[in-house]
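Student: I've got a structure to look at, and I'm not sure how to read it. Could we go through it together?

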Amino acid sequence: MPEHQSSRYRDRPPVDNNIIRMLCGRPTAVAHDLICEHVKLGDRVVDATLGNGYDTIFLAGLVGPTGHVDSFDIQKEAIESAREKLREHNTCSNQVTLHHASHEKIGSLVKTPLQAVMFNLGYLPGGDKQVITRAASTLSALQAALDLLLPGGIVSIVAYIGHPGGMEEGEALRVFCRALEGSAFSVTFHESPSDNPIAPFLITINRD
Ligand SMILES: C[S@@+](CC[C@H](N)C(=O)[O-])C[C@H]1O[C@@H](n2cnc3c(N)ncnc32)[C@H](O)[C@@H]1O
């Protein structure tokens with residue numbers, strides 16, 4: 001690179017990688033980065049929306065064989081798809097528990113404190129688009145997740161608002177999360193820097 005160009009780049013303030021990822025429309029990539037910073041081998045975590053299992057495989061890799069992932073989905077199709085993916089990735093079956101149940105059951109089915117909980121809302125990619133996460137059950141599950149969250153722990157929520165019902169769920173989440181500010185939790189709203197009014201967004205909640 002010519003000298004005059006390199007000095008021009010050197011003088012610029014560093015660019016936040018999370019902003020670049022949000023610009024590229026990848027709130028899930030930002031969520032993964034932030035989860036990585038908070039989760040270590042041996043931790044207990046939850047994937048509240050299992051889907052095809054990609055987040056569960058990611059979490060299982062972080063917590064390792066001494067940790068545990070509890071994953072929830074209401075669709076049998078998702079449980080089967082994820083089980084297949086876990087097999088392909090050689091994820092140890094006793095490292096992950098797949099619950100064919102609503103995430104509202106986190107409080108009754110998970111008894112140990114949690115280091116992280118991931119929500120990736122909306123519908124199952126490649127599945128029935130009528131089966132979506134809904135505001136009431138999402139908020140109830142989120143409250144259950146916060147009740148189990150350890151100090152230093154993190155909850156990530158990726159919300160999609162472009163499908164019917166998504167906007168209402170996204171708005172309900174914003175209201176719920178704004179009300180948490182000033183409590184034992186710190187909330188960050190990672191808005192998309194694009195002009196797209198229906199771009200997905202990410203909220204992270206850290207327990208102080
Ligand atoms: C966007 S997908 C999740 C993607 C997934 N995390 C992955 O890595 O592939 C959303 C999932 O939430 C599930 N879902 C909808 N309502 C739910 C509920 N009440 N409890 C748990 N899962 C639910 C859907 O069946 C769908 O599979």
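Student: Which exposed residues sit on the face of helix 5 turned away from its buried side?

Tutor: This is a predicted model, by the way. On that outward face of helix 5 you'll find Lys76, Glu84, Arg87 and Glu88. The buried residues of helix 5 are Ala78, Ser81, Ala82 and Leu86.

Student: Why do the buried ones line one face of the helix?

Tutor: Start with the general idea: an α-helix has 3.6 residues a turn, so residues three or four places apart point the same way. Now the case here. Helix 5 has Ala78, Ser81, Ala82 and Leu86 buried. Looking down the axis of helix 5, you see these buried residues within an arc of 135 degrees, so they line one face.

Student: What do the buried residues of helix 5 pack against?

Tutor: They pack against helix 4, strand 2 and strand 3 (96-100).

Student: How can I check the length of helix 5?

Tutor: Use 1.5 Å a residue: the 13 residues of helix 5 (residues 76-88) should span 18 Å, and the end C-alpha atoms are 19 Å apart, which agrees.

Student: Glutamate 77 is in that helix. Is it buried, exposed or partly exposed, and what does it touch?

Tutor: Glutamate 77 counts as partly exposed, because it has 15 C-beta neighbours inside 10 Å. Leaving out residues up to four places away in sequence, glutamate 77 touches Leu124 and Gly127. Sequence and space are separate things to read: glutamate 77 and leucine 124 are 47 residues apart in sequence, but 9.1 Å apart in space, C-alpha to C-alpha.

Student: What happens just after helix 5?

Tutor: Here's the general idea: most residues other than glycine have a negative phi. Asparagine 90, just after helix 5, takes a positive phi of about 55 degrees, and asparagine 90 is a residue other than glycine. You'll find asparagine 90 in the loop between helix 5 and strand 3. With 7 other C-beta atoms within 10 Å, asparagine 90 is exposed.

Student: Let's try another helix. Which residues of helix 8 are buried, and where do they lie around the axis?

Tutor: Helix 8 has Gly166, Glu169, Gly170, Leu173 and Cys177 buried. Their arc around the axis is only 95 degrees, which puts them on the same side of helix 8. On the other side of helix 8, the exposed residues are Glu168, Val175, Arg178 and Ala179.

Student: And what are the packing partners of the buried side of helix 8?

Tutor: The buried residues of helix 8 pack against helix 7 (135-148), strand 5 (149-159), strand 6 (185-190) and strand 7 (201-207). The length check works here too: at 1.5 Å a residue, the 15 residues of helix 8 (residues 166-180) should span 21 Å, and the end C-alpha atoms are 21 Å apart, which agrees. Just after helix 8, glycine 182 has a positive phi of about 90 degrees.

Student: What about strands? How many residues of strand 4 are buried?

Tutor: Seven of the seven residues of strand 4 (residues 114-120) are buried, so strand 4 is largely enclosed by the rest of the structure.

Student: Which strands does strand 4 pair with, and in what sense?

Tutor: Strand 1 (residues 44-47) runs parallel to strand 4, joined by three bridges; there, valine 45 stands opposite alanine 116. Strand 5 also pairs with strand 4 in the parallel sense, over six bridges, and methionine 118 has serine 156 in strand 5 as its bridge partner.

Student: Where is lysine 129, and is it buried or exposed?

Tutor: Lysine 129 is in the loop between strand 4 and helix 7. It is exposed, with 12 other C-beta atoms within 10 Å. Setting aside neighbours within four places in sequence, lysine 129 is in contact with Tyr123 and His163.

Student: Last one: how many residues surround the ligand, and which are closest?

Tutor: The ligand has 20 residues around it, and the closest are Thr49, Gly51, Tyr54, Asn120 and Leu124. Helix 4 (54-63) and strand 2 (68-73) are the elements that give two or more residues to this shell. By class, the shell has seven nonpolar, 11 polar and two charged residues.

Conventions
Residues numbered from 1 in each chain as written. Predicted model: local features only at pLDDT ≥ 70, side-chain atom pairs only at ≥ 80, totals over all residues. Near = placed C-beta within 6 Å. Helix = DSSP H or I, 4+ residues; strand = E, 2+ residues; numbered from the N terminus. Nonpolar A, V, L, I, M, F, W, Y, C, P; charged D, E, K, R; others polar. Expected span 1.5 Å × (residues − 1). Buried ≥ 20, exposed ≤ 12 C-beta atoms within 10 Å, placed from the backbone. Arc of directions from axis to C-beta. Contact = placed C-beta atoms within 7 Å. Pairing = 2+ DSSP bridges.
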